[in-house]
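I set out to record what I looked up in this structure, entry by entry. The coordinates and the sequence are placed here before my notes.

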Amino acid sequence: MSPPLVIVHLDDDLLVVDKPSGLAVHQGWAREADVLVARVRAELGPGIHPVHRLDRGTSGLVALARSADAVRVLQAAFEAGLVQKEYVALVRGAPADEGLVDYAIPRREGGPRVEARTRFEALARARLDESPLREKRYT
């Protein structure tokens with residue numbers, strides 16, 4: 001089991017949780033038992049609905065709606081592009097200084113793909129000459 005959840009914000013309509021790396025937001029294709037939504041519902045009750053997700057390996061803030069009205073408003077904001085998500089990542093290799101990844105992803109296994117675009121820029125670069133790993137250049 002991954003570390004305990006940290007609640008960053010809680011009111012009648014919205015819950016924001018700091019999701020640790022290694023924990024899926026919902027069961028998804030793997031049908032795991034230990035997922036963020038199940039943990040939150042065990043603690044706060046059944047009226048919890050994720051309005052977006054982060055990949056299992058990604059840590060960060062996840063917004064969950066606590067009412068039907070909040071679900072509609074938050075999903076509409078995400079779909080309209082009104083919500084901006086920012087990530088900081090450690091990347092192995094030598095990516096471009098900036099770029100755009102434009103790769104559609106399925107909402108469900110075998111389902112239709114939806115647009116997914118990620119703009120990136122390198123903030124810093126480092127070379128680890130004494131790394132015990134096979135690849136020595138990291139960005």
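My entries follow, from the overall fold to the interior and then to the surface.

**Entry 1. Overall layout.** I note at the outset that this is a predicted model. I looked up the secondary structure and found two helices and ten strands. I then read the elements in sequence order, and the pattern is β-β-α-β-β-α-β-β-β-β-β-β.

**Entry 2. Burial, contacts and surface.** I asked what share of the 139 residues counts as buried. The value is 24%. I next looked up the contacts between residues with a separation of 6 or more, and 48% of them join residues 24 or more positions apart. For the accessible surface I recorded a total of about 10,300 Å². Carbon and sulfur atoms hold 52% of that surface.

**Entry 3. The β1–β2 hairpin.** I turned to strand β1, residues 6–10, and strand β2, residues 14–19. The two strands run antiparallel and are joined by four bridges. The connection between β1 and β2 is a hairpin of three residues. I also looked up the partner of V6, and the bridge leads to D18 in β2.

**Entry 4. The largest nonpolar core.** I asked which residues make up the largest nonpolar core. It has twelve residues: L5, L15, V17, L23, V25, L36, V37, V40, I48, L54, V62 and L64. I then traced their origin: β2, α1 (36–44) and β4 (60–65) each supply at least two residues of this core. The largest share, three residues, comes from α1. As general background, I recall that nonpolar side chains tend to be buried together in soluble globular proteins.

**Entry 5. L36 and its contacts.** I chose L36, a member of the largest core, and listed what it touches. Leaving out residues up to four places away in sequence, L36 is in contact with L5, V17, K19, L23, A24, V25 and L64. Apart from the largest core lies another core, of five residues, and V51, A63, A65 and A70 are among them.

**Entry 6. A nonpolar patch on the surface.** I asked which residues form a nonpolar patch on the surface. They are V101, Y103, I105 and F120, and together they have about 360 Å² of accessible area. I located F120 in strand β8, residues 117–121. Why can F120 belong to a surface patch? Membership requires over 30% relative accessible area, and F120 qualifies on this count because its value is 32%. F120 is therefore recorded as partly exposed.

Methods:
Residues numbered from 1 in each chain as written. Predicted model: local features only at pLDDT ≥ 70, side-chain atom pairs only at ≥ 80, totals over all residues. Heavy atoms only, no water. Patch = residues over 30% accessible without salt bridge, like charges linked within 9 Å, V, L, I, M, F, W, Y side chains within 5 Å. Areas by Shrake-Rupley, 256 points an atom, 1.4 Å probe, with all protein chains shown as cover. Salt bridge = Lys/Arg side-chain N within 4 Å of Asp/Glu carboxyl O. Buried < 20%, exposed > 50% of the residue type's maximum accessible area, 1.4 Å probe, protein only. Contact = heavy atoms within 4.5 Å. Pairing = 2+ DSSP bridges. Core = buried A, V, L, I, M, F, W, Y, C linked by side-chain atoms within 4.5 Å.
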